[in-house]
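Me: I am new to this structure and would like to know how its descriptions are justified. Please set each value against the definition behind it.

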Amino acid sequence: MTSVPGTPIIQTFGLSKRYRKTTAVDEISFRVEPGQVFGFLGPNGAGKTTTIGLLLGIITPTGGRFELFGGGSASDLHAARRRIGATLETPNFYPYLSGRDNLRIVANVKRRDAAEIERVLDLVGLGRRAKHKFKAYSLGMKQRLALAATMLGDPELIILDEPANGLDPEGMREIREIIRGLGERGKTIFLSSHLLSEVERTCTHVAIIQNGRIIRQDSVADVTSHGVAGLRSADLEALAAAVGEYPAALWSDRRGDRVVAELDDGDLAALNAWLGARGIHLSHMALEARSLEDVFMEATGAAEGVSAEVGPGDAGSGSHQLGEVR
Amino acid sequence: MWAAFRSEMRKMWKRPATWVTLGLFGLITVADLFGEYRRARKDPDDPFFLPDAWSLILGEEVMVGFIFASVLVILLVAAEFSWRTARQNVIDGLSKTQWYWAKVLLVPLLSALFLALRAAIGGSFALAGTDLAAGAQWFGAAQLAALGGMFVTGLGFASLALFVAVAIRASGPAMAVWFAWFAFGERLVVGGLGALFEGWRPILKWAPIMTFNRLRDYIQYDSEAFRMAAERAVEQERPVPELEALGPAFAGSFLWIAALLVFGWLWYRKRDL
């Protein structure tokens with residue numbers, strides 16, 4: 001099976017996975033185009049890993065369907081998976097085997113030449129520790145071995161589930177560099193994470209998933225370039241109420257001594273005129289830049305209690321980690 | 001499938017549990033059969049030589065090898081679920097079919113390996129006491145048939161182990177369930193059902209362990225050994241052994257083996273990894 005130019009690498013159509021009482025993935029539809037570094041962002045338990053499991057064929061969907069490289073039949077998907085390098089959750093290897101022997105197993109499964117093993121080991125900086133047993137590896141080394149395994153066979157699509165999990169800032173930086181390098185080589189990367197800044201720094205596109213549903217998807221540039229209007233006036237109550245009624249306001253929120261709103265058309269002058277006509281005169285009006293964290297918070301809704309916090313290993317990197325839904 | 005089986009071989013070869021199990025079984029077998037060898041050296045009236053010694057070499061203790069083989073099957077299969085390598089193998093490109101049937105190939109391999117190890121160790125000791133120069137036939141059709149029957153018994157126990165490993169997906173609990181079924185579970189179930197439903201008794205005799213065990217009585221394959229066992233029984237006023245029809249036992253065992261492997265496959269395929 002070869003890819004037809006313009007065919008999405010991944011496309012899902014109302015894909016769902018329901019367990020007895022729980023809906024882990026709820027009719028999600030998204031597409032990943034060739035060459036994208038696609039971030040799949042969501043808090044723990046949002047359905048990221050289940051979605052990846054569905055794509056990789058280790059979890060059976062209960063609804064919807066998906067295509068990999070344009071094919072959706074069982075044989076297409078099996079063939080497509082040979083073009084994918086992926087890890088799910090923690091790095092999964094044989095603890096009693098060395099890093100190199102573990103990669104021999106992977107190379108054998110992928111029907112790749114054993115000579116490739118040294119190349120990927122060097123690529124992730126594990127060449128000198130390759131003879132040590134996997135169980136003796138640090139978490140960072142395990143993550144790097146998992147990355148090496150995904151790169152065996154030079155796959156067109158690389159799927160990584162929380163690749164920076166448990167890493168210190170230095171380890172996260174290394175993994176980020178490797179992923180960026182892969183992206184620059186034109187690989188399509190599907191990366192799940194709950195680390196907001198990691199996704200912002202690494203990905204070209206993002207989908208935000210919460211409670212099994214995709215609530216926002218776009219390019220990272222588009223998502224963050226849509227500034228929000230920051231507004232102040234003497235009567236904040238009246239300002240908040242008026243902005244709430246403004247037809248072009250996608251949403252608005254009162255934050256401290258100001259009201260913020262995302263405008264459909266981005267036209268601040270029109271908003272100013274509209275407020276002036278209602279007797280509300282602004283003392284401050286500015287377009288404020290947004291981080292992915294802002295977008296995430298807005299999309300998931302602060303009312304649902306999703307907090308953004310600095311993770312324990314992230315102090316130096318400024319990475320923000322999504323907390324559990326409280 | 002061949003690639004998957006090659007991976008299995010590499011994993012098995014490098015797994016310390018393989019060598020610990022084989023080593024332990026080897027030691028137990030050497031201790032058991034070296035005892036026979038030494039006793040025979042001390043007592044010329046009770047020699048240990050081939051082909052007569054096969055009744056001891058392939059006697060009750062063959063079961064120890066099947067227990068070790070089954071334990072190793074459980075360790076090699078169930079651990080893949082704990083380590084999540086079963087899942088990773090599929091992610092890396094093996095189909096579920098390839099993964100499962102590569103594991104199935106371990107069943108005959110390990111059954112044959114442990115049986116062959118016992119036969120080789122016992123055969124070596126007994127060969128030392130055999131007068132080959134006198135033209136003794138140290139291995140014949142009877143022994144081949146016995147090895148074949150016992151191999152099928154081993155397949156049965158190891159298939160049950162594979163089924164339990166795939167169903168339970170954790171080595172410790174899987175071993176506990178396998179041992180429990182082997183040691184007393186089947187007898188309890190058969191006894192209970194037999195007491196409740198008298199008409200079921202003829203069918204209950206064909207429960208898996210009972211069926212497999214029908215094939216591991218050496219004297220059923222060797223007429224000379226059977227004659228000697230019958231004479232001993234008369235001398236000692238014990239019930240005289242009976243010759244059984246092995247055909248139904250073979251058929252029953254193969255049916256159980258096929259059922260266990262197919263049910264294991266269906267169970268494995270149905271569940272998410």
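**Terms and values**

Reply: Helix α5 (residues 139-151) of chain A lies across β6 and β7 of chain A, running at about 160 degrees to β6(A). Axes are lines fitted to C-alpha atoms, for helices over the stretch in contact, and angles run from 0 to 180 degrees between N-to-C directions. Helices (H or I, at least four residues) and strands (E, at least two) are DSSP runs, numbered from the N terminus. This is a predicted model, in which local features need pLDDT of at least 70, side-chain atom pairs count only at pLDDT 80 or more, and totals for chains, interfaces and linings use all residues. Residues are numbered from 1 along each chain as its sequence is written, while chains are lettered from A and ligands numbered from 1 in the order in which they are written.

Me: How many helices and strands does chain A have?

Reply: The secondary structure of chain A comes to 11 helices and 16 strands.

Me: What makes β6 and β10 of chain A edge strands?

Reply: Two strands pair if DSSP finds at least two bridges between them. An open sheet of 6 strands in chain A follows the order β6-β7-β8-β4-β9-β10, with mixed pairing. Both β6 (84-87) and β10 (213-219) of chain A pair on one side only, and this makes them the edge strands. On average, neighbouring strands of this sheet are turned by 10 degrees against each other, direction ignored.

Me: Which strands of this sheet does helix α1 of chain A touch?

Reply: Helix α1 (residues 48-56) of chain A packs on the sheet and touches β4, β6, β7 (157-161), β8 (188-193) and β9 of chain A. The direction of α1 makes about 145 degrees with that of β7(A).

Me: How do you know that β9(A) pairs with β4 and with β10 of chain A?

Reply: The bridges are counted against the minimum of two. Strand β4 (residues 37-41) of chain A is joined to strand β9 (residues 205-210) of chain A by 4 bridges, and these strands run parallel. Between β9(A) and β10(A) there are 6 bridges, and these strands run antiparallel. A:V206 has A:G39 as a bridge partner and, in β10(A), A:D218. β9(A) and β10(A) form a hairpin with 2 residues between them, and A:N211 in the turn has a positive phi of about 50 degrees.

Me: Why is β9(A) called largely enclosed?

Reply: A residue is buried if 20 or more other C-beta atoms, placed from the backbone, lie within 10 Å of its own, exposed if 12 or fewer, and partly exposed in between. In β9(A), 6 of the 6 residues are buried, so the strand is largely enclosed by the rest of the structure. A:H205, A:A207 and A:I209 point one way, and A:V206, A:I208 and A:Q210 the other way. In a regular strand the side chains alternate between the two faces of the sheet.

Me: Why is A:V25 called buried?

Reply: A:V25 has 28 other C-beta atoms within 10 Å, so it is buried. A:V25 lies in strand β2 (residues 23-28) of chain A. For chain A, buried residues make up 45% of the 326 residues.

Me: Which residues is A:I159 in contact with, leaving aside its neighbours within four places in sequence?

Reply: Two residues are in contact if their C-beta atoms, placed from the backbone, lie within 7 Å. With those neighbours left aside, A:I159 is in contact with A:I52, A:L55, A:L56, A:I84, A:A86 and A:F190.

Me: What makes a nonpolar core, and why does the largest one lie between the domains of chain A?

Reply: A nonpolar core is a set of buried Ala, Val, Leu, Ile, Met, Phe, Trp, Tyr and Cys residues joined through C-beta atoms within 7 Å. The largest has 144 residues, and A:I159 and B:V73 are among those that touch the most other members. Helix α8 (residues 141-168) of chain B gives the most to this core, with 15 residues. Domain 1 (10-223) and domain 2 (226-325) of chain A both give residues to this core, so it lies between them. Domain bounds come from an automatic or database domain assignment. The C-alpha centres of these two domains lie 33 Å apart.

Me: How many residues of chain A are in contact with chain B?

Reply: 24 residues of chain A are in contact with 22 residues of chain B. The largest share of the chain A side, 6 residues, comes from α3(A).
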